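Student: Could you take me through one part of this model slowly? I would like a close look at a pocket and then at the strands and residues elsewhere in the fold.

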Amino acid sequence: MILACQNISKSFGETEVLKDINFHIEKQDKCAIVGINGAGKTTLLRVILGEEEADSGNVVISRDIRTGYLAQTQDTELDNTIYGAMQEAKKYILEMEVRIRELEKEMEGKSEEELAPILEAYNRLTTQYDRENGYAYESEITGVIAGLGFGKEDYDRPIASLSGGQKMRVALGRLLLSHPDIVILDEPTNHLDMDSIRWLEGYLASYPGAVIVVSHDRYFIDKITNKIIEIDQGISQVYNGSYSYYSEEKEKRRQALMNAYLKQQDEIAHEEAVITKLKQFNREKSIKRAESREKKLDKIERLDKPTEERSDMRLKLEPVCESGEDVLMVEGLKKAYGDNLLFENLDIDIKRGEHVALIGGNGTGKTTILKLVARKLAKDAGTVSLGSRVRIGYFDQEHHDLDVNKTIFDEMSDSFPDMNNTRIRNVLAAFLFTGEDVFKKIKDLSGGERGRLSLAKLMLSPANLLILDEPTNHLDIPSKEILESALRDYTGTVLYVSHDRYFINKTATRILELREKVLTNYKGNYDYYEEKRDELFSVQHAELSVDAGISIATSSEISGKSEARLEYEAKKASYAEERKRANAIKRVESAIEKTEAEISELEETMNDPANGTNVSLLLETSKKKEEAEAKLEELYAEWEELQE
């Protein structure tokens, strides 16, 4: 055990945030702290780090254990370059290196007696240097820089010129390179794209020390953790497993507590009914028996009713009318901003009932595609067609559909003038806007509250094609789970952009990935996409994957699939191979033409009477001609092999 929290309590004024927090961390534990917004997760991290003082309880950290902390807001104003800042994290390695060189110089010309203590210090220091990965620290730095999404061209970029998100990535890199015994991260994925998050998952999963993380990214938590610490109403519960295990086990525990509570309530009700009946008999013995039962009933330790997270929020999405089978047809779509071409010749075909997630790196144009489909933005080329009876409902991550100067109630009543006040109140209550909250100005709402209000409007719209741009932004985990459940049950069609891989995994029936300006189709959820990411990209875009060096899977590598899937992928693979062969034939034919022309020029030089007496020129030209003819012979052989 390297860290333990023992009966930690913390209040702010009259609000008790933490009470009776108990857990411990082992040397290589990967642990996530979860709970609703405001549960006290960040407060607990600060108590562990000593930045906040607990009202009671103890934090015990083993001797010589170093902690490293990445807060949600970080001092990143460093007067340095990206590479230089990373080097600073390895300052102790550089200092060891300098000292090793000094000791090497000190050993020169020393007698055996003088050499002994220097050599002992040298051996001790080089052993430590090796243990600290000193001989490979530069490659470690470049690996971390690349993993966090920076290229070689960024090494010398001043940190002052970076965006806030990029500065946070530098801070994360510096922390990881310092190799603390306990890495503590508060929302580390907020400023990372999917590739960087994947890299961080792998890095942390194999990290030799302990990791404590607070994150709303459930897929990230699921990948790296072996322990979940939940804070619910200030009390901690420990689950030894991944997030998926925690989610299932928590419901089992809650159901067991609910069953025990209901059973006790039945027993209490039965006992009270018996007591009432005994008193009604109005006899001395019956009254004494009733009193005895009452005393026994008073001594029962009554169970509290288990809380249901967001039990008051009931989100049901259902289309008013059903669309035709063909919902959305996009052909040859193109969009550029000046010289920046986002994509061209994109085709999309979505059928009724499909839930399609559009994913890709930052800046690839995902939100742009949604805006083009929703006709919020003009396209440069291509067609966007909607099927019969298709009606679009659009969720904008910036919530431009909301008038910030209106109250919540006015926004709803103005948007749906035929709806009575009771119905509006009921809908808003379903999205946690109750009492006087409905008269708050929209400009005073948090991002999560605006998101819930936009979803409330969407629920009441007559849409059967939902276009959602980052619908889970600013939502806590329970709210995300409610939205997931609603979308899974939704019988209409959904096209959405999200960075929340757990949300995608739970709600998508198909994934479209925008990569290298082309779309790749994956008929499955996010787990399926992760498994087939490069394989299907290479199959569907052979001309790109050949250039990128991505190999096409053999039939033995894609075994266990349906005959239809095998036939489809075999055809695609065959087509890719044929394209590759055709490109190779063109390349060889071009080389043959070039070599034949070169031989003709050499022959003209040799046959020119003006060169008849220039022996050295003729010898050199003859040698070049022989080399060209040998090369031509090889090209002919290669061409024949390709033709076969």
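**The second largest pocket and the strands**

Tutor: Happily! The second largest pocket has 29 residues in its lining, and Glu187, Asn190, His216, Asn473 and His474 are the ones that lie nearest its centre. Please keep in mind that this is a predicted model. The volume of this pocket comes to about 830 Å³. By character, its lining divides into 16 polar, seven charged and six nonpolar residues.

Let us turn to strand S6, which spans residues 182–186 and holds Leu185. Leu185 counts as buried because its relative accessibility is 0%, under the 20% cut-off. Leaving aside residues up to four places away in sequence, Leu185 touches Leu70, Leu172, Leu175, Leu204, Ile212, Val213 and Val214. From Leu185 to Ile231 there are 46 residues in sequence, and the C-alpha to C-alpha separation is 17 Å.

Next comes strand S8, residues 227–232. Five of its six residues are buried, so S8 is largely enclosed by the rest of the structure. S8 pairs with two strands that we can take in turn. With strand S3 (residues 30–34) the pairing is parallel and has four bridges; here Ile33 has Ile229 in S8 as its bridge partner. With strand S9 (residues 235–239) the pairing is antiparallel and has five bridges, and Asp232 stands opposite Ile235 in S9. S8 and S9 make a hairpin with two residues between them, and Gln233 in the turn has a positive phi of about 55°.

Now for an open sheet of six strands, with mixed pairing and the order S14-S15-S16-S12-S17-S18. Strand S14 (392–395) and strand S18 (518–522) stand at the edges with a single partner strand each, so one side of each has no neighbour in the sheet. From one strand to the next, the twist averages 15°.

Within this sheet, S15 repays a closer look. Five of the five residues of S15 are buried. Leu465, Ile467 and Asp469 point one way from S15, while Leu466 and Leu468 point the other way, and all are buried. S14 and S15 run parallel and are joined by four bridges, with Tyr394 having Ile467 in S15 as its bridge partner. Strand S16 (residues 493–497) also pairs with S15 in the parallel sense, over five bridges, and there Ile467 stands opposite Leu495. Ile467 therefore has a bridge partner in S14 and stands opposite a residue of S16, with the strands themselves pairing through backbone hydrogen bonds.

Across S14 and strand S15 (465–469) lies helix H14, residues 447–460, which runs at about 175° to S14. Towards the S18 edge, strand S17 (residues 510–515) runs antiparallel to S18, and five bridges join them. One position to look up there is Glu513, which stands opposite Thr520 in S18.

Finally, have a look at a loop residue. Asn611 lies between helix H19 (563–607) and helix H20 (615–643). Asn611 counts as buried because its relative accessibility is 15%. Setting aside residues up to four places away in sequence, Asn611 touches Thr605, Leu617 and Leu618.

Note on methods
Residues numbered from 1 in each chain as written. Predicted model: local features only at pLDDT ≥ 70, side-chain atom pairs only at ≥ 80, totals over all residues. Heavy atoms only, no water. Buried < 20%, exposed > 50% of the residue type's maximum accessible area, 1.4 Å probe, protein only. Contact = heavy atoms within 4.5 Å. Pairing = 2+ DSSP bridges. Axes fitted to C-alpha atoms, helices over the stretch in contact; angles between N-to-C directions. 1 Å grid on protein atoms, 1.4 Å probe; cavity = no way out; pocket = protein on both sides within 12 Å on 5 of 7 lines; lining within 4 Å. Points joined across faces, edges and corners; volume = space filled by probe spheres on them. Nonpolar A, V, L, I, M, F, W, Y, C, P; charged D, E, K, R; others polar.
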